[in-house]
Amino acid sequence: MLNLNLEGKLAIVAGVADDQGYGWAIAKALKKAGAKIIITTWPPALNILRMSLERGKLDTKLGPDYGDLTFEKIYPLDAMYDCMDDVPEDVRTNKRYVELGDFTIRGLRDSIEKDFGLNKIDIVVHSLANGPEVQKHLIDTSRAGYLAANSASAYSFVSMVRHMAPIMQKGGSFLALSYMAAERVVPGYGGGMSSAKAALESDTRVLSFEAGRRYQHRVNVISAGPLASRAAKSIGIIQNAINYSETNAPLTDTLTADDVANTAAFLCSDLSKGITGSTVYVDKGLHAMAIAVPSGYNENS
Ligand code: NAD
């Protein structure tokens, strides 16, 4: 029987703060496939995540025969910063950051090397994004807002590959999460977030070549359909995007986080070892459509 088996693999899922988003679902799928899981959480969300876990408020059930989702370690990570020298004073001294030690991407790399050793990580999933002006039209977005969106949501992936690739097991797998707004206009997805997703997809192709030749690692990105995660709800257009997809996509059933997570597990497994540099659509086929389905359309005649 063909087997999606991640036993013996150690995975980092970056960008988990609750059980509503893609990161949590991907952590569950990787765990069900046998991997051990490390997560990283944005410092402002860390306390609430820890408290929710302690109080049993998150859905850790993996289903019959699988037990519970547990983590080897939870690290703080603010993906805006590569090293502590980059961190502005007001962030360093902020009460949510001040006692966390090194919460940058280099800090994460150093902590993982210290705690787990060299060549122990096999999988890195980048499931995070942030655009402080996402609710503004692109045309009204400030330079600072545009650059912040691209720094947090796209450059952070470049930096994660640069820092993590050398300490990973050869043949490792990187995966990021993109959105159709990288390629087509999604009104309301502003603040430079569409630009960041376009960069993320382009960077995936270039990184796949460079990390492939240097380390034999693979780099892919999933272009995921809409999900009412915490981040997506804050943008304000998510229900409209879900309704549009369910009305107009080739497959009209609801896209679940598990649909994306199961594809993520495949892309992180040896079953996909011929796939790198790819944008893989997990969106019920919406990306294939050019115009909305006309009202009264009948699939049978
Ligand atoms: P989510 O809220 O579960 O995940 C976003 C995470 O990013 C949060 O945990 C947040 O704390 C973290 N984050 C924000 N700023 C950060 C920073 N500076 N450093 C580190 N972490 C930071 O929401 P989600 O929608 O599941 O998002 C996960 C990924 O999926 C994102 O890349 C998102 O763009 C992508 N995606 C989402 C949708 C959707 O409709 N929800 C569709 C396509 C792609």
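Start with K28: at 12% relative accessibility it counts as buried, because anything under 20% falls in that class. Keep in mind that what you're looking at is a predicted model. K28 doesn't sit there without a partner, since its side chain meets that of D59 in a salt bridge, 3.1 Å from N to O. The two come from distant parts of the chain, 31 residues apart: K28 belongs to helix α1, while D59 is in the loop between α2 and β3. And D59, with 40% relative accessibility, counts as partly exposed.

Why might such a pair form at all? Side chains of opposite charge can pair when their charged atoms come close.

By the rule used here, the count comes to nine salt bridges, so let's look at a couple of others, taking a cut-off of 4 Å between nitrogen and oxygen. K73 pairs with D115, and their closest N and O atoms are 3.5 Å apart. Here again distant parts of the chain are linked, with K73 in strand β3 and D115 in helix α4, 42 residues apart. K73 is partly exposed at 35%, and D115 is partly exposed too, at 34%.

Now move along the chain to K284 and D259, whose side chains meet in a salt bridge of 3.4 Å, N to O. K284 lies in the segment after β7 and D259 in helix α9, so this pair ties together parts that are 25 residues apart in sequence. K284 counts as buried at 16% relative accessibility, whereas D259, at 26%, counts as partly exposed. Going back to K73 and D115, there's a bit more to add: salt bridges with shared partners join K73, K114 and D115 into one network.

Next, the empty space. The largest pocket holds about 1,400 Å³. What lines it? There are 50 lining residues, and A129, S229, R230, A231 and A232 lie nearest the centre. Several elements each supply at least two residues of the lining, including α1, β2, β5 and α6. Helix α7 gives the largest share, five residues. Sorted by class, the lining has 30 nonpolar, 14 polar and six charged residues.

Finally, take a look at the outside. L138, Y146 and L147 make a nonpolar surface patch of about 280 Å². One of them, Y146, lies in helix α5, which covers residues 143-164. With 34% relative accessibility, Y146 counts as partly exposed.

Note on methods
Residues are numbered from 1 along each chain as its sequence is written. This is a predicted model: local features need pLDDT of at least 70, side-chain atom pairs count only at pLDDT 80 or more; totals for chains, interfaces and linings use all residues. Side-chain values use heavy atoms; hydrogens and water are left out. Patches are made of residues with over 30% relative accessible area and no salt bridge: like charges are joined within 9 Å, nonpolar side chains (Val, Leu, Ile, Met, Phe, Trp, Tyr) within 5 Å. Accessible areas come from the Shrake-Rupley method with a 1.4 Å probe; for residues, only the protein chains shown count as cover. Helices (H or I, at least four residues) and strands (E, at least two) are DSSP runs, numbered from the N terminus. Buried means under 20% relative accessible area, exposed over 50%, partly exposed in between (1.4 Å probe, protein chains only). On a 1 Å grid over the protein atoms alone, a cavity is a set of points where a 1.4 Å probe fits but cannot get out, and a pocket is an open set with protein on both sides within 12 Å along at least five of seven lines; lining residues have an atom within 4 Å of a point. Grid points are joined across faces, edges and corners, and a volume is the space filled by probe spheres set on the points. Ala, Val, Leu, Ile, Met, Phe, Trp, Tyr, Cys and Pro count as nonpolar, Asp, Glu, Lys and Arg as charged, and the others, Gly among them, as polar.
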